[in-house]
Amino acid sequence: MIRISHLTYTLPDGRDVLRDVSLTIPTGQTMGVMGLSGTGKTSLLKCVAGLVEPSAGEVWIGDRQMLGLPEREMNEIRMRIGYVFQYAALFDSMNVYDNVAFGPLRRHLKRGPELDSLVAEKLALVGMDGTQAMMPSELSGGMQKRVGLARALALNPDVLLYDEPTSGLDPITATVIDELIVEMRNTLHVTSLVVSHAVDSVFRIADVVTMLYDGEPIITGTPDEVRKSSDPRVRQFVEGRTTGPISVG
C-alpha cells in the first residue's frame with residue numbers, strides 16, 4: 001500500500017534531513033518509525049502525505065506515484081490518507097462535531113442526517129460517543145487525540161499517518177491510544193505509518209519497525225528483531241542509555 005523509494009529531502013540550507021530512504025508497508029500492516037528528535041521522522045511523514053516535496057525519490061500509495069503530480073491529482077490521493085497530528089491540531093473555535101465533519105463537508109461528500117450518522121460512527125469507533133457538542137478546550141489531551149483520530153477517519157482512508165500519537169500523554173492514556181491504533185488496523189484494515197520516539201509504544205503497535213538515524217534507516221524488522229539487534233546505535237536507543245555511539249547533546 002505504501003512504497004517509499006530512494007527518498008531524499010534537503011532543506012534550503014543544503015542539509016539532508018532524509019537520505020535515500022526506501023521502505024515498504026504492505027496493505028493492512030503498521031510500520032513504526034522511531035528515532036531521536038531531529039532524525040527526519042516527521043519529514044518522512046509529511047513527504048508521504050504530500051505536504052512537502054522531497055528533493056528526490058518516489059512515494060507510491062497503492063498503484064499511484066504521487067510526487068510531481070498536478071494539484072488536482074494529488075488531492076485525489078490525499079483523500080485516501082488520514083493524518084493524525086502530534087497534538088491533535090483540532091480547530092479551537094469548532095466543537096467536536098464540526099472538527100470531525102470538516103473533511104466530508106469541505107469535500108462536499110455528506111450533509112444533514114448522513115453527516116450526523118458519519119460523525120457519530122467515527123466518534124464511537126474511538127470511544128468518544130456523545131461528545132459532539134464539546135469544545136476542544138473541554139477535552140483532556142487523550143480525548144483530543146481520539147477526536148483527532150476520528151477526524152482522520154471521517155473520509156474512510158486507506159492509509160493512516162500518525163505523528164507522535166502518544167506525545168505528552170501519561171503512560172495509561174498512551175496505552176489507550178496504542179490500543180486504538182491496533183484496533184484501527186484490525187477492524188478497518190488500514191495501512192498505517194506511525195512515527196514516534198516512544199520505544200515501548202512502537203513495539204506495542206507495529207508489525208514492522210524502522211529506526212532512522214541521521215536521516216537514514218539503519219534497521220528494519222519485526223519488533224523482536226529490532227529488540228535483539230546487535231547494532232550499538234539501536235541498542236543504545238532501545239535501552240535509553242546515555243553512553244554509546246549516539247552523542248547526547
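These legends describe close-up views of a predicted model.

**View 1. The largest nonpolar core, with Met34 and Leu149 in focus**. This core holds 44 residues. Met34 and Leu149 touch the most other members. Eight elements are labelled for the view: α3 (96–106), α4 (112–125), α5 (141–153), β7 (159–163), α6 (171–188), α7 (199–205), β9 (208–213) and α9 (232–239). Each of them supplies at least two residues of the core. α6 gives the most, with six residues. Nonpolar side chains tend to be buried together in soluble globular proteins.

**View 2. The surroundings of Met34**. Neighbours within four places in sequence are left aside here. Met34 is then in contact with Lys41, Ser196, Val199, Val202 and Phe203, among others. Its contacts also include Val209, Thr210, Met211 and Leu212. Val226, Phe237 and Val238 are in contact with Met34 as well.

**View 3. A second, separate nonpolar core**. This core has 30 residues. Leu7, Met31, Leu45 and Tyr83 are among them.

**View 4. The largest pocket**. About 600 Å³ of space lies in this pocket. Its lining is made of 21 residues. Ile81, Tyr83, Phe85, Arg107 and Leu155 lie nearest the centre. α2 (71–78), β6 (81–84), α3 and α5 each supply at least two lining residues. The most come from α3, which gives five. By class, 14 lining residues are nonpolar, three are polar and four are charged. Tyr83, one of the residues nearest the pocket centre, also belongs to the second core.

**View 5. The second largest pocket**. Here the space is about 180 Å³. Ten residues form the lining, and Leu36, Gln236, Arg241, Ile246 and Val248 lie nearest the centre. The lining divides into four nonpolar, five polar and one charged residues.

**View 6. The largest cavity, between residues of α5, α6 and other parts of the chain**. The count comes to one cavity of 30 Å³ or more. About 60 Å³ of space lies in the largest cavity. Its lining consists of Val84, Lys145, Leu149, Tyr162, Pro165, Ile177, Leu180 and Ile181. α5 and α6 are the elements that give two or more of these residues. α6 has the largest share, three residues. Seven lining residues are nonpolar, none is polar and one is charged. Leu149 appears again in this lining; in the largest core it is one of the two residues that touch the most other members.

**View 7. Thr166 in the loop between β7 and α6**. Is Thr166 buried or exposed? Thr166 has a relative accessible area of 9%, so it counts as buried, the cut-off being under 20%. Residues up to four places away in sequence are not counted among its contacts. Thr166 touches Lys145, Ala174, Ile177 and Asp178. Ser196, Ala198 and Ser201 are also touched by Thr166. Lys145 and Ile177 line the largest cavity too.

**View 8. Helix α3, its buried residues and its start**. Which residues of α3 are buried? They are Val96, Tyr97, Asn99, Val100, Ala101, Gly103 and Pro104. What covers them includes α4 and α5. At the start of the helix, a side-chain oxygen of Asn95 reaches to within 3.2 Å of the backbone nitrogen of Tyr97. α3 also supplies at least two residues of the largest core and gives five residues to the lining of the largest pocket.

Terms used: Residues numbered from 1 in each chain as written. Predicted model: local features only at pLDDT ≥ 70, side-chain atom pairs only at ≥ 80, totals over all residues. Heavy atoms only, no water. Core = buried A, V, L, I, M, F, W, Y, C linked by side-chain atoms within 4.5 Å. Buried < 20%, exposed > 50% of the residue type's maximum accessible area, 1.4 Å probe, protein only. Helix = DSSP H or I, 4+ residues; strand = E, 2+ residues; numbered from the N terminus. Contact = heavy atoms within 4.5 Å. 1 Å grid on protein atoms, 1.4 Å probe; cavity = no way out; pocket = protein on both sides within 12 Å on 5 of 7 lines; lining within 4 Å. Points joined across faces, edges and corners; volume = space filled by probe spheres on them. Nonpolar A, V, L, I, M, F, W, Y, C, P; charged D, E, K, R; others polar. Polar contact = N/O pair within 3.5 Å; in protein donor to acceptor, adjacent residues only side chain to side chain.
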